[in-house]
Amino acid sequence: MTGQEITEMQTTYVLQSWSRQKGLHPIPVARADGIYLWDYDGNRYADMASELVNLNVGFGNKAIADAIKVQADKYCYVSPSYASEPRALLAKKIVSMMPPSFGKVFFTNAGADANENAVKIARLYTGRNKVFSRYRSYHGSSYGAGNLTGEPRHFALEPAIPGFIHFFDPYIYQESLKFSSEEEASAYYIAKLREQIIYEGRDRTAAIVVETITGSNGVIIPPKGYLQGIRKICDEFGIVMICDEVMTGWYRTGKLFAFMNFDVIPDIVTFAKGVTCGYVPLGGCVVRKEIAGYFDDHMLSCGLTYSGHPLACAAGIACIDFYEKVGISENVARSGEFLGKFLENMKKKHRCVGDVRYIGLFSAIELVKNKETHEALVSFGMDPGNIMGKIISELKARGFMTYSHENMIIIAPPLIITVAQLEEELPSVDEVLSIVDREYL
């Protein structure tokens with residue numbers, strides 16, 4: 001098939017996510033390798049968002065592909081009720097990498113059902129029903145995970161599931177209140193959360209679910225003391241603390257999981273994306289020993305046909321081995337430092353750049369109309385002129401592939417990216433920000 005034939009067939013027969021279907025023209029991918037992909041006309045594109053912040057090892061990783069092939073020759077699938085070598089080995093490997101308080105893994109197919117099953121486990125364990133999550137959050141688009149989600153993508157799921165409650169996270173850059181320090185901001189937000197929980201019923205709340213670092217909604221890094229404050233509330237009221245590490249896990253921030261940057265230990269950690277980097281879908285939640293032990297004598301009312309799929313688990317083992325073999329955390333530190341310096345320079349240089357936020361190879365550029373007032377380039381949930389779409393198209397025309405959300409440009413390249421590759425690709429961002437300065441301010 002030609003590239004045009006593939007694109008026409010896909011748009012004719014496939015409903016594409018998060019899109020109005022009319023006028024779509026997806027790039028037909030002919031081949032891909034490392035951080036690059038090529039269309040059928042030979043044009044090269046740099047994947048500067050790791051696809052959906054999941055392709056941490058890039059395209060064409062031979063070690064993962066070989067592991068899948070070896071397992072496929074043994075057997076592709078057995079149900080979760082059988083013992084499977086890759087399933088057992090991967091679970092042991094993950095638990096061994098976690099703090100000693102963790103005990104077992106429940107495997108899922110992706111991040112959304114990892115979050116849903118984490119909530120279910122917390123409800124079963126506590127005997128309570130209410131679950132708190134934040135407004136500026138995305139936890140998945142299935143029914144339960146979509147109700148956890150606080151930003152506008154949850155509107156399609158309303159009326160909401162009873163007991164799902166949202167609260168505000170510390171988005172200090174756009175906060176009308178001014179704080180003298182990060183600690184002061186954390187104290188304010190934690191006090192308001194504690195008050196809200198008391199009004200909702202401290203003995204009715206099963207879990208607090210947070211993206212350890214708010215992801216697509218702006219790469220909002222928690223201020224000092226914030227996550228510890230949530231941990232303190234959970235300890236005080238017997239609430240399960242769940243960290244959604246679907247996007248930030250597997251060295252995206254330089255650490256295995258993002259919570260390891262903040263001197264805090266949650267009760268449940270959810271993961272997906274970078275555990276196999278999309279080579280085979282896989283997710284899961286790692287639970288504290290006490291929670292795992294509860295289900296020794298109580299029914300674990302969780303189950304999925306493909307839980308711990310052998311091909312996926314084989315891919316996961318190979319992926320983790322690859323991270324360790326190539327020293328991926330060290331590369332994230334090197335390349336992340338370069339990316340951070342570039343972003344700070346963009347903030348100084350361009351009138352449209354209000355703020356930049358970054359940790360490891362996870363970053364966002366926040367675009368504004370006015371640096372003094374912090375007025376966003378496009379209003380939250382509204383972009384009638386498709387300004388952000390035009391900005392992303394300008395990047396795409398330069399072979400720089402990423403995505404935007406609200407008034408943010410996300411830059412989260414594969415963790416294998418080198419400083420030399422960043423030096424080659426990042427000037428496209430500088431060029432496009434100059435266009436924004438000139439045409440939209």
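A residue is called buried when its relative accessible area is under 20%. By that criterion Y251, with a relative accessible area of 11%, is buried. The model on display is predicted, and the tour below proceeds by selection.

**Stop 1: Y251 and V219**

Select Y251, in the loop between β8 and β9. Its phi is positive, about 75°, although Y251 is not a glycine. Most residues other than glycine have a negative phi.

Next, select V219, in the loop between β7 (205–211) and α8 (226–237). This residue, also not a glycine, has a positive phi, near 45°. V219 has a relative accessible area of 0% and is therefore classed as buried.

**Stop 2: the bond before P159**

Move to P159, in the loop between α6 (143–148) and β6 (164–167). Display the backbone from E158 to P159: the peptide bond there is cis, with omega near 5°. Most peptide bonds are trans.

**Stop 3: N56 and its surroundings**

Select N56, in the loop between α2 (50–53) and α3 (62–74). Is N56 buried or exposed? Its relative accessibility is 1%, so N56 counts as buried.

Show the side chain of N56 and look for two partners. A polar atom of this side chain lies 3.2 Å from the backbone oxygen of W250. The side chain of N56 also makes a polar contact, at 3.2 Å, with the side chain of Y323.

To view the wider surroundings, add the residues that N56 touches, leaving aside those up to four places away in sequence: G249, W250, R252, G274, C277, Y323, P414, L415 and I416.

**Stop 4: α3 against α10**

Continue to α3 and colour it together with helix α10 (residues 310–326). The axes of the two helices come within 8 Å and cross at roughly 145°. The crossing of α3 and α10 is right-handed.

Which residues form this contact? From α3, select A63, I64, A67, I68, Q71 and A72; from α10, select P310, L311, A314, A315, A318 and C319. The residues of this contact divide into 11 nonpolar, one polar and no charged.

**Stop 5: α12 against α14**

Now select helix α12 (residues 387–397) and helix α14 (residues 427–440). They pack at an angle of about 145°, and their axes are 9 Å apart. Here too the crossing is described as right-handed, with α12 passing α14.

On the α12 side, show I387, K390, I391, E394 and L395; these meet S428, V429, V432, I435, V436 and Y440 in α14. The contact comprises eight nonpolar residues, one polar residue and two charged residues.

Keep E394 selected and add R398: their side chains meet in a salt bridge, at 2.9 Å from N to O. E394 has a relative accessibility of 31% and so counts as partly exposed. R398 is likewise classed as partly exposed, because its relative accessible area is 29%.

**Stop 6: two further salt bridges**

The structure holds 20 salt bridges. Two others deserve a separate view.

Select D267 and R288, which form a salt bridge with the closest N and O atoms 2.7 Å apart. This pair links distant parts of the chain, 21 residues apart: D267 is in the loop between β8 (240–244) and β9 (268–271), whereas R288 belongs to strand β10 (residues 283–288). What is the accessibility of each partner? D267 has a relative accessible area of 3% and is therefore buried. R288, at 18% relative accessibility, also counts as buried.

Extend the selection to R231, D235 and E290, which are linked with D267 and R288 in a network of salt bridges.

Finally, select K341 and E337, whose closest N and O atoms are 3.6 Å apart in a salt bridge. Both residues lie in helix α11 (residues 328–349), four residues apart, about one turn of the helix. K341 is classed as exposed because its relative accessible area is 55%, and E337, at 49% relative accessibility, counts as partly exposed.

Key:
Residues numbered from 1 in each chain as written. Predicted model: local features only at pLDDT ≥ 70, side-chain atom pairs only at ≥ 80, totals over all residues. Heavy atoms only, no water. Axes fitted to C-alpha atoms, helices over the stretch in contact; angles between N-to-C directions. Left-handed = near helix turned anticlockwise from the far one by under 90°. Contact = heavy atoms within 4.5 Å. Nonpolar A, V, L, I, M, F, W, Y, C, P; charged D, E, K, R; others polar. Salt bridge = Lys/Arg side-chain N within 4 Å of Asp/Glu carboxyl O. Buried < 20%, exposed > 50% of the residue type's maximum accessible area, 1.4 Å probe, protein only. Polar contact = N/O pair within 3.5 Å; in protein donor to acceptor, adjacent residues only side chain to side chain.
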